[in-house]
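Colleague: Before I rely on this model, I would like to go through the terms used for it and hear what each of them rests on. Could you take me through the reasoning one step at a time?

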Amino acid sequence: MSRHIVVVGAGAAGLTVAQELRHLGYGDALTLVGGEDHPPYDRPPLSKRFLAGEATAEHLHLAGPDDLERLDATVHRGRRAVAADLGARTVTLDGGAVLPYSDLVVATGVTPRTLPGTAGLPGALTLKTFDDARALNARLRPGQRLVVVGGGFLGTETAWTALALGCRVTLVTPTPTVLPGLGGRVGSLAGERLAAAGATVLTHVAVDTVRKGDGLPRGGEIDVLLDDGTRLPAETVLVAIGSRPDTEWLSGTGLDLTDGVRCDAVGRAAPGVHACGDAAAWYRRATGGHLRLEHRMHAGDQARAVAADLTGRHRELDRVPFFWTDQGPNKIVVHGLITPDAEFEAHETDTEHDRFTGIYRTDGQVCAVLGWNEPRGAMGLRRALLTGPVAPASGGVRQVVAASG
C-alpha cells in the first residue's frame, strides 16, 4: 500500500524532514502543513539581522518556490492543525480539511509565553514570526523607549539590536544575571557588556503589572510596574520570558505531552507518530531521561533522524548538541549541555582581542565547552565531551570574568 506522510510544522525541523525524506528515496505522498502564510524560513535572525533591517525576508527563506516544487509535496500554508485522531490516523486543520496519514510528524515548535494584561495592549509584543519582527521593527526608532522583559537569548539579542537602532533600552529579569543558562560568570560578563553599550540592565527583579500608560508628559504608551515598586514608562515592551511547546492540538490523543511530545531515541512518540524540533522531548541513553532543546542545529539533527527512521534506517542521535548566540559584537558558541550545577573554568584567554574559551564540569566531568568570540577554540575543546580530561591552558587557567556581585 502507498504511504502518506503528513508533516505538521513548516519551520526548519518540518522542512528538513520533508527534504530528507525525498533525499532518502521516499517517493509516496507527502504533505507539509505550515501555520504561517510564508515560505519556510530561519528564525534565529529575526531578533538580529532581520529586526535591524539588514536582511530581507527572502534572505531568511529556507526554501524557494523551485525548492518546494522539487519536494513534490502538497503544502498547506497559513493553516494550523487543530486536532489529531491517532486511531483513524487523521489530522484536522483549522479550515476544516481532514488529512489522512500513514505517518504523522509533529514539528509545530513553540509558542511564546505572555504576561497578564498584555493581550491586546498596543505596543506589548512577543517575537517569534516574520510578522512579529516587522511589527517590532516599525516601533524601534531612535529615542524610543523599549522595555525587554526577560534576560535569555531572545531578550538580550533584541536589546542589542534595539540599541544599534538608537532606542533607549531597559532589560528586566528576575535572575541574578542575564543568560542564566550559561552560568553566573559568563552571564555576568554578558550583562556588563550590554550595560556598557547603553542598556539599563535590572536583575533580581520581576514584572508585577503591565498596563496602558497614563499619558503624562514623562509617561509612555505602556507602564511596566516592577515588584520593587519601580515604574518603567515605555513606548514598546517586548515579552521574552520563554515559550511552551505548541502541542495543545494533540490533547486527548493519548500522547505523553509532558514538556513537549515525549519520544524514544529516534523520535517515535506512538505507532505512526514521530516528533522533532522544539516541541519534542527525546529520550537520551546517555542520561536515561528525556530532553527538549530549543536549538536550531538540534532541530535539524532530529529531523534527519526522523526521516531516516521513516525510511527504515534506525539512526539515533550521536552528535554533541551545539548552539550559538550573537550578543552585539560578541558571538558565544556552546557545545554540550550546561547543567544548572555546572562549574565554569576558563581555559584559554586572549584579553587583547576579547576572546576566551571555557569548560563546564558537573561532578568533575566535562558537560559542555564554550567559546566567547572563539568558535574555533570551542571546537577544539569539543573533544573533551567525548574523551573527558583536558589539559589546562599554557601558563594555567586565568580569570576571565570579574566578579560583579
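Modeller: The model is predicted, and the protein averages a pLDDT of 92, with 94% of the residues scoring at least 70.

Colleague: Over which residues does pLDDT stay under 50?

Modeller: That stretch is residues 391-405, for which the model has 23 contacts beyond four places in sequence. Where pLDDT is low, the predicted coordinates should not be read in detail, so I would leave the details of those contacts aside.

Colleague: What makes S13 and S15 edge strands?

Modeller: The open sheet is formed by 3 strands in the order S13-S14-S15, with antiparallel pairing. Strand S13 (207-212) and strand S15 (231-234) each have a single partner strand, and therefore one side of each is left without a neighbour in the sheet. From one strand to the next, the twist averages 20°.

Colleague: How do you know that S13 and S14 pair?

Modeller: Pairing requires at least two bridges between the strands, and S13 is joined to strand S14 (residues 222-226) by 5 bridges, the two running antiparallel; the criterion is therefore met. Lys212, for instance, stands opposite Ile222 in S14.

Colleague: Why are S3 and S19 placed at the edges of their sheet?

Modeller: This open sheet has 6 strands in the order S3-S2-S1-S7-S20-S19, and its pairing is mixed. Strand S3 (74-77) and strand S19 (268-270) each have a single partner strand, so that one side of each lacks a neighbour in the sheet. Here the twist averages 20° from one strand to the next.

Colleague: In which sense do S2 and S3 pair, and over how many bridges?

Modeller: Strand S2 (residues 29-34) and S3 pair in the parallel sense over 4 bridges, which satisfies the requirement of at least two; Leu32 has Val75 in S3 as its bridge partner.

Colleague: What makes you say that helices pack on this sheet?

Modeller: Contact means heavy atoms within 4.5 Å, and helix H1 (residues 12-23) touches strand S1 (4-8), S2 and strand S7 (103-106), its direction making about 165° with that of S2. H7 touches S1, S7, S19 and strand S20 (273-275), and its direction makes about 160° with that of S20.

Colleague: What is the volume of the second largest pocket, and which residues lie closest to its centre?

Modeller: The volume is about 620 Å³, and of the 25 lining residues the closest to the centre are Arg284, Ala286, Thr287, Pro321 and Leu337. Among the elements giving two or more residues to this lining are strand S21 (280-284) and helix H7 (296-310). By class, the lining has 13 nonpolar, 6 polar and 6 charged residues.

Notes: Residues are numbered from 1 along each chain as its sequence is written. This is a predicted model: local features need pLDDT of at least 70, side-chain atom pairs count only at pLDDT 80 or more; totals for chains, interfaces and linings use all residues. Side-chain values use heavy atoms; hydrogens and water are left out. pLDDT is the predictor's confidence in each residue, from 0 to 100. On a 1 Å grid over the protein atoms alone, a cavity is a set of points where a 1.4 Å probe fits but cannot get out, and a pocket is an open set with protein on both sides within 12 Å along at least five of seven lines; lining residues have an atom within 4 Å of a point. Grid points are joined across faces, edges and corners, and a volume is the space filled by probe spheres set on the points. Ala, Val, Leu, Ile, Met, Phe, Trp, Tyr, Cys and Pro count as nonpolar, Asp, Glu, Lys and Arg as charged, and the others, Gly among them, as polar. Axes are lines fitted to C-alpha atoms, for helices over the stretch in contact, and angles run from 0 to 180 degrees between N-to-C directions.
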